[in-house]
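Let us learn to read this structure one feature at a time. Keep the sequence and the model in view.

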Amino acid sequence: MARYLTRNRLRRIYKWGGFPVSHDRKLKTDEYDSLHISLEDLPRTTVITNGQYILIEGVDDDHPYVAKVTKLIESDKKKKALVQWFARVGEVPPNKLKLLGREPHPQEIFYYEGPTCEDEIDVESILNTVQVHQSLLDDVHSDGDDSDEFLPSVKELRSSSDEEEEPQEEEEEEEEEFCARLDSDDEIVAKKSKRGAAAPRTPRSARKSQASMRTPRKTPVKKATPTTPRTPRHATPSIPSRSLPARQPGSALEEARARLHVSSVPESLPCREQEFQDIYNFVESKVMDGTGGCMYISGVPGTGKTATVHEVIRSLQRASDADDVPAFNFIEINGMKMTDPHQAYVQILQKLTGQKATPDHAAALLEKRFSHAGPKKESTVLLVDELDLLWTRKQNVMYNLFDWPTRRHGRLVVLTIANTMDLPERIMINRVASRLGLTRMSFQPYSFKQLQQIIMSRLNKVKAFEEDALQLVSRKVAALSGDARRCLDICRRATEICEHTSLDPGAPGLVGMSHVMQALDEMFSSAYVTAIRCASVQEQLFLRSVLMEFRRLGLEEATFQQVLVQHQALCRVEGLQPPSVSEALAACQRLGACRLLLLEPSRLGVLQRVRLNVSQDDVLYALKAE
């Protein structure tokens, strides 16, 4: 039962000793060497340093907790300490104490490490320092003095059955055993405990000598046959290191092929200087002012939207490291990588706080975070790629993403990316479009001069292409779609063709017109392109109707009924007889059998969903050739 003192108690004063010895910029914490504890109106001061043993407030005056200080830190103007817990004899269950094979000392403590106890405490819960006497197990047994006790390790406090089944493994373990006595002259005042009174782990002996003190089994244990080893409980996946360093490019063509890869990060982004500056100014102003806002970025695929935003974030992070811009958090989500639009809440919360939750719980936590002010709250920049895939019937996901930046204490900057310029007017209801605002930016397709400049900047003085070859591939791609990624893929394929057809592998030469033409034929003359060219007139018109409907919706998926309306209107424009529903459905089924379309496997008929199984560039190229 707790003891209640009637005399007045003196208030403790906690102060850091000296200045911080280190600062963690990421965690926003300062580390100190020592902590000074003094009593009000008394000159005595207790100094606590790293490695000292301390007493922490327990359930009552007679049972404080024992711990060892490992680090003294200050976070958000709160003094905290990282500790290693120890369990007293009274905290260990009696049935576990019997496994020691001896009578423990009343003041003996045991090393404790449990998942239910946090190692971070407030320094206001520290009562005083305590003396802990340590000695090795060998010294305890050799001296034969009863006053010397030892502290079993964590592995000693486990079941004896595991010990008997693994005698060889126990003989190989060499662990230090500690003797711990508690000596404290100061009065311990009981307060509210900040450490859960969880039971420690079951001890297990790590010495064969301890096992020999128990009564042996009547039946000897058979030696276990070797089996498949178990996977460790806390196994950490790792990538094996290279036995040899990565091979360097052996020729100019190999180096050019590596630089022209889509995943290669260029030194600069040419032809997007104005868009870069506009996005940079928008995000920088919001972060500097501590406000929120939304920007909608649109453009056809391959026009550098995502790459430009990433370059803006990298520039802002460098400015933040130089203390030119306040620190901020950057989070990126992609609608293409989610199975459900509501998973956006889960990903944002996990990347922002590291916490996992259900979509509904995550939405509630994010709502609370962006609606209330917090001490030293940093701005958050959220990049939402493939915005059109977050569309739902009620559009609540889009509404929340665009509404949080408008909150007074939100400090959220949302950058959204989609392929359709007028997507807000097409699929968004009024309350969602109004939250998005009118801050919009459109990325135009690259011209052939811009594509040529992009390739030259990536090559960076690596002579691998003829000028006419670069101009040819740039004009071909610019006339079709202006997709820079398609242009880079064609150039990489041209370098492979040049390397394979060269008579001298050591000096393959430059990529010429013939190599580029062959790469273009392979890119745009695939089996899909051939199938489109060999399709009937109605099937080609149906593919054109699919593209028109995709552009109208701003999505890459539509129902057969929606495509049928476009198909019949297109037939009237071409002066052809519009097909019936059954005829159009048969044409759609034939295109699905050729794998040019992906059809929903159901019997919905006109309500089945339709998607393209080939790129839109291939369809346009095949239809233009006709």
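Q: Which residues is Leu-415 in contact with, leaving aside its neighbours within four places in sequence?

A: Contact means heavy atoms within 4.5 Å. Leu-415 is in contact with Ile-279, Phe-282, Val-283, Met-295, Val-309, Val-381, Leu-382, Leu-383 and Val-384. This is a predicted model: local features need pLDDT of at least 70, side-chain atom pairs count only at pLDDT 80 or more, and totals for chains, interfaces and linings use all residues. Residues are numbered from 1 along each chain as its sequence is written, and side-chain values use heavy atoms, with hydrogens and water left out.

Q: Is Leu-415 buried or exposed?

A: Buried means under 20% relative accessible area, exposed over 50%, and partly exposed in between (1.4 Å probe, protein chains only). Leu-415 has a relative accessible area of 0%, so Leu-415 is buried. Leu-415 lies in strand S15. Strands (E, at least two residues) and helices (H or I, at least four) are DSSP runs, numbered from the N terminus.

Q: How far apart in space are Leu-415 and Val-381, C-alpha to C-alpha?

A: They are 7.6 Å apart, with their places 34 residues apart in sequence counted as separation.

Q: Where is Ile-348 placed?

A: Ile-348 sits in helix H9, residues 343–353. Ile-348 counts as buried because its relative accessibility is 3%. Leaving aside neighbours within four places in sequence, Ile-348 is in contact with Ile-331, Ile-333, Leu-366, Leu-382 and Leu-401. The C-alpha atoms of Ile-348 and Ala-362 are separated by 8.4 Å, and these residues are 14 apart along the chain.

Q: How many cavities of 30 Å³ or more are there?

A: A cavity is found on a 1 Å grid over the protein atoms alone: it is a set of points where a 1.4 Å probe fits but cannot get out. Lining residues have an atom within 4 Å of a point. Grid points are joined across faces, edges and corners, and a volume is the space filled by probe spheres set on the points. Here the count is two. The second largest cavity holds about 30 Å³ of space.

Q: Which residues line the second largest cavity?

A: The lining is Ile-331, Ile-348, Phe-370, Thr-380, Leu-382, Leu-401, Trp-404 and Leu-412. Ala, Val, Leu, Ile, Met, Phe, Trp, Tyr, Cys and Pro count as nonpolar, Asp, Glu, Lys and Arg as charged, and the others, Gly among them, as polar. The lining has seven nonpolar residues, one polar and no charged.

Q: How many residues of helix H11 are buried?

A: Seven of the eight residues in H11 (396–403) are buried, so to read the helix as mostly covered follows the cut-off for buried. They are Val-397, Met-398, Tyr-399, Asn-400, Leu-401, Phe-402 and Asp-403. The cover includes strands S12 (293–299), S14 (379–385) and S15 (412–418). Helices H9, H12 (423–427) and H13 (430–436) are also included.

Q: How many residues has the largest nonpolar core?

A: A nonpolar core is a set of buried Ala, Val, Leu, Ile, Met, Phe, Trp, Tyr and Cys residues joined through side-chain atoms within 4.5 Å. The largest has 55 residues, and Ile-455 and Phe-465 have the most contacts inside it. Helix H16 (residues 484–501) gives the largest share of this core, eight residues. Apart from this core lies another, of 34 residues, among them Ile-348, Phe-402, Trp-404 and Val-414.

Q: Which side chains of strand S19 point to one face and are buried?

A: In a regular strand the side chains alternate between the two faces of the sheet. In S19 (residues 609–612), Val-610 and Leu-612 point to one face and are buried. Arg-609 and Arg-611 point to the other and are not buried.

Q: How many bridges join strand S18 to S19?

A: Two strands pair if DSSP finds at least two bridges between them. Three bridges join S18 (residues 597–599) to S19, and the strands run antiparallel. Leu-598 stands opposite Arg-611. Strand S17 (residues 558–559) is also antiparallel to S19, with two bridges. There Thr-559 stands opposite Arg-609.

Definitions and conventions:
1 Å grid on protein atoms, 1.4 Å probe; cavity = no way out; pocket = protein on both sides within 12 Å on 5 of 7 lines; lining within 4 Å.
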